[in-house]
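Open the model in your viewer and keep the selection panel at hand. Each stop below tells you what to select and what is there.

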Amino acid sequence: MTAPPVPGRHRAGPATAKVSTARPGDNQVPHRRPYRGKRLLDLVVLGLIIVPAALLCAVAALTHLLAHGRPVLFRQQRVGRGGRPFVLLKLRTMRNVPDGPDTPDDADVTRVTAVGRVLRRTSLDELPQLVNVLRGQMSLVGPRPTLPYQVRRYTDRQQLRLLATPGLTGLAQVHGRQRLSWPERIEWDLRYVLRQSFRLDLAILFLTVWTVLAGRGATASHDNDPIARRSERMLSGA
């Protein structure tokens, strides 16, 4: 069984986050401004899911607390729309970063707790980001917010993903999640910046549920990723 298609689907072959502006003749991606009603859609959906989401989050947090202790929440600075930083919230899924220069390359994998693996596979660790959505720092749908060091590696064209409000889910998440390299994810994000609409957001929300239930693309290796190399990702706590 295959997932329903996304409207407009076509396959595409920091601490300073400066958003480039397109000029005629540049190899840039034209973008749409957020459609009218995008914030209203966020608030309506939040109103419908906030109670069950809060209960699920409380159960997941309590399970991790009993199994692995404190802290329960993980806070990390991410880059939002227009390069503005904000603090992203997640349920903790890792142990503390090991000390010393001999930290193995796969430490970010071995640090994931037993409960954390389940939370990641089901995306329950992302539920606290509904608070970020409520605050207006994120939207339900948009490019995933990334770390400052990753943004510093963006090309001028890739910087254009910062023109959209970061989201809880997006086109990249329904086309492979972490199985995609960062350049591939950014291409899907740029496609979203170009095509964002009410209809596309509804389709992405629907397909996100499908993708999470199927457990597709929850983990991946980024050893050779030019944007998210492993050592710096470990140091950032991502």
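**Stop 1: the largest core**

Start inside this predicted model. Select Leu91, Leu130, Leu140, Leu171, Tyr192 and Ile204: within the largest nonpolar core, which has 28 residues, these have the most contacts. Now colour the elements that feed this core. At least two of its residues come from each of α1 (38-68), β2 (85-91), α3 (114-122), α4 (129-134), β3 (139-141), α6 (182-195) and α7 (198-214). Which element gives the largest share? That is α1, with seven residues.

Next, pick Val151, Leu160, Leu162 and Ile186. They are among the eight residues of a second, separate core.

**Stop 2: the whole chain**

Zoom out and switch to cartoon. You should find eight helices and four strands in the protein chain. Trace the chain along its sequence and the pattern reads α-β-β-α-α-α-β-α-β-α-α-α. Colour by burial: 45% of the 238 residues count as buried.

**Stop 3: helix α3 and its end**

Select Val115, Gly116 and Leu119. These residues of α3 are buried. Look down the helix axis. The three span an arc of only 100° around it, so they sit on the same side of α3. Show the surroundings as well: α1 and β2 are among what covers the buried residues of α3.

Step off the end of the helix. Ser123 follows α3, in the loop between α3 and α4. Check its backbone: phi of Ser123 is positive, near 65°, in a residue other than glycine. Is Ser123 buried or exposed? Ser123 counts as buried because its relative accessibility is 18%, and the cut-off for buried is under 20%.

**Stop 4: a cis peptide bond**

Go to Arg70 and Pro71. The peptide bond that joins them is cis, with omega about -5°. Pro71 belongs to the loop between α1 and β1 (73-79).

**Stop 5: the largest cavity**

Select Val79, Gly80, Arg81, Pro143, Arg144, Pro145, Arg161, Leu162, Ala164 and Pro166. Together they line the largest cavity. Its space comes to about 40 Å³. What is the make-up of the lining? Six of its residues are nonpolar, one is polar and three are charged. Keep Leu162 highlighted for a moment: this lining residue is also part of the second core.

**Stop 6: Thr165**

Move to Thr165, in the loop between α5 (148-151) and β4 (167-169). With a relative accessibility of 17%, Thr165 counts as buried. Show what surrounds this residue. Beyond its neighbours within four places in sequence, Thr165 touches Arg81, Gln137, Met138, Ser139, Val141, Gly142 and Pro143. Two of those names should be familiar from the previous stop: Arg81 and Pro143 are in the lining of the largest cavity.

**Stop 7: Tyr149**

Finish on helix α5, where Tyr149 is found. Is Tyr149 buried or exposed? At 9% relative accessibility, Tyr149 counts as buried. Now add Arg78 and draw a distance between the two C-alpha atoms. Tyr149 and Arg78 are 71 residues apart along the chain, and their C-alpha atoms are separated by 9.7 Å.

Technical notes. Residues are numbered from 1 along each chain as its sequence is written. This is a predicted model: local features need pLDDT of at least 70, side-chain atom pairs count only at pLDDT 80 or more; totals for chains, interfaces and linings use all residues. Side-chain values use heavy atoms; hydrogens and water are left out. A nonpolar core is a set of buried Ala, Val, Leu, Ile, Met, Phe, Trp, Tyr and Cys residues joined through side-chain atoms within 4.5 Å. Buried means under 20% relative accessible area, exposed over 50%, partly exposed in between (1.4 Å probe, protein chains only). On a 1 Å grid over the protein atoms alone, a cavity is a set of points where a 1.4 Å probe fits but cannot get out, and a pocket is an open set with protein on both sides within 12 Å along at least five of seven lines; lining residues have an atom within 4 Å of a point. Grid points are joined across faces, edges and corners, and a volume is the space filled by probe spheres set on the points. Ala, Val, Leu, Ile, Met, Phe, Trp, Tyr, Cys and Pro count as nonpolar, Asp, Glu, Lys and Arg as charged, and the others, Gly among them, as polar. The arc is that of the directions from the helix axis to the C-beta atoms. Contact means heavy atoms within 4.5 Å.
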